[in-house]
Amino acid sequence: MLVCRFLIVALGLLFTFGHVCHASEEEFLIWSEIRIVTPERPDTGKVVFTAKMAGPKFHELLVVAFGKEHKATKEHLEKLSGFPLSSLVTTHEAGYEQLGGHTVHFKLKSIRYDRTGRLVEDRVRLSVSRGKGMEVFGPEQRVLKEKD
């Protein structure tokens, strides 16, 4: 009798919640173009970040900051290659005058397994300063997890 009750309850739960088991696998949609606009600020002005991708490579990149347009060079685009637009983080800082003064940063990252099986994070930073214009720093690599 107890076994019958258990089976009835188990079958009832299966029919009630069985649809939860039929999930499909989600995949990220890759961004091929992005335009971000910030509100105007006294220290940076209105900041506009526009980028277009051709596959995993940056095709165009333009930043408006401090009232000027800053277009990425071929060398800048090559350093940014392989970093997804969806990882973009924007920040700014007052900065030191001898290092260019007020600076706007655009940070990108990519997480992957390397050939040895370690989980690594690659980072790159595109910075636009009032005094020095556009520069790209990196890419830099950081190990997140050693091989098991």
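**Note on the predicted model: sheet, core and selected residues**

1. An open sheet of 4 strands, in the order β5-β6-β7-β8 and with antiparallel pairing, is the starting point of this note. Its edge strands are β5 (89–93) and β8, each of which pairs on one side only. From one strand to the next, the twist averages 25 degrees. The structure is a predicted model, and the remarks below should be read accordingly.

2. Within this sheet, β6 and β7 pair in the antiparallel sense over 11 bridges. As a general matter, strands of a sheet pair through backbone hydrogen bonds, in either a parallel or an antiparallel manner. One position in the present sheet may be singled out: lysine 107 stands opposite arginine 125, a residue of β7.

3. Turning to the chain as a whole, the secondary structure comes to 2 helices and 8 strands. Read along the sequence, these elements follow the pattern α-β-β-β-β-α-β-β-β-β. Of the contacts between residues at least 6 apart in sequence, 39% join residues at least 24 apart.

4. Burial and surface can be stated briefly. The chain has 148 residues, and buried residues make up 30% of them. The accessible surface of the chain comes to about 11,000 Å², and carbon and sulfur atoms account for 58% of that area.

5. The largest nonpolar core has 24 residues, and those with the most contacts inside it are Phe49, Phe58, Leu61, Val63, Phe106 and Leu126. Two or more residues are given to this core by each of β2, β3 (57–65), α2, β6 (103–113), β7 (119–129) and β8 (133–145). The largest share, 4 residues, comes from β3.

6. Phenylalanine 49 deserves a separate entry, being among the core residues with the most contacts inside the core. Residues up to four places away in sequence not being counted, phenylalanine 49 touches Ile34, Arg35, Ile36, Leu61, Leu62, Val63, Leu85, Leu88 and Phe106. Of these partners, Leu61, Val63 and Phe106 are likewise named among the core residues with the most contacts.

7. The loop between β1 (33–37) and β2 (48–54) holds glycine 45, and threonine 44 lies in that loop as well. Are these residues buried or exposed? Threonine 44 has a relative accessible area of 3% and is therefore buried. Glycine 45, at 14% relative accessibility, also counts as buried, because the cut-off for burial is a relative accessible area under 20%.

8. The surroundings of the two loop residues can be listed, with residues up to four places away in sequence left out in each case. Threonine 44 is in contact with Ala65, Phe66, Gly67, His92, His102 and Val104. Glycine 45 touches Thr38, Pro39 and Glu40. Glycine 45 and valine 64 are 19 residues apart along the chain, and their C-alpha atoms are separated by 8.8 Å.

9. Lysine 74 is placed in helix α2, which spans residues 74–80. With a relative accessible area of 60%, lysine 74 is exposed, because exposed residues are those over 50%. Helix α2 is nevertheless listed among the elements that give two or more residues to the largest nonpolar core. Where does lysine 74 stand with respect to histidine 59? The two residues are 15 residues apart in sequence, and the distance between them in space is 9.0 Å, C-alpha to C-alpha.

Terms used
Residues numbered from 1 in each chain as written. Predicted model: local features only at pLDDT ≥ 70, side-chain atom pairs only at ≥ 80, totals over all residues. Heavy atoms only, no water. Buried < 20%, exposed > 50% of the residue type's maximum accessible area, 1.4 Å probe, protein only. Contact = heavy atoms within 4.5 Å. Areas by Shrake-Rupley, 256 points an atom, 1.4 Å probe, with all protein chains shown as cover. Core = buried A, V, L, I, M, F, W, Y, C linked by side-chain atoms within 4.5 Å. Pairing = 2+ DSSP bridges. Axes fitted to C-alpha atoms, helices over the stretch in contact; angles between N-to-C directions.
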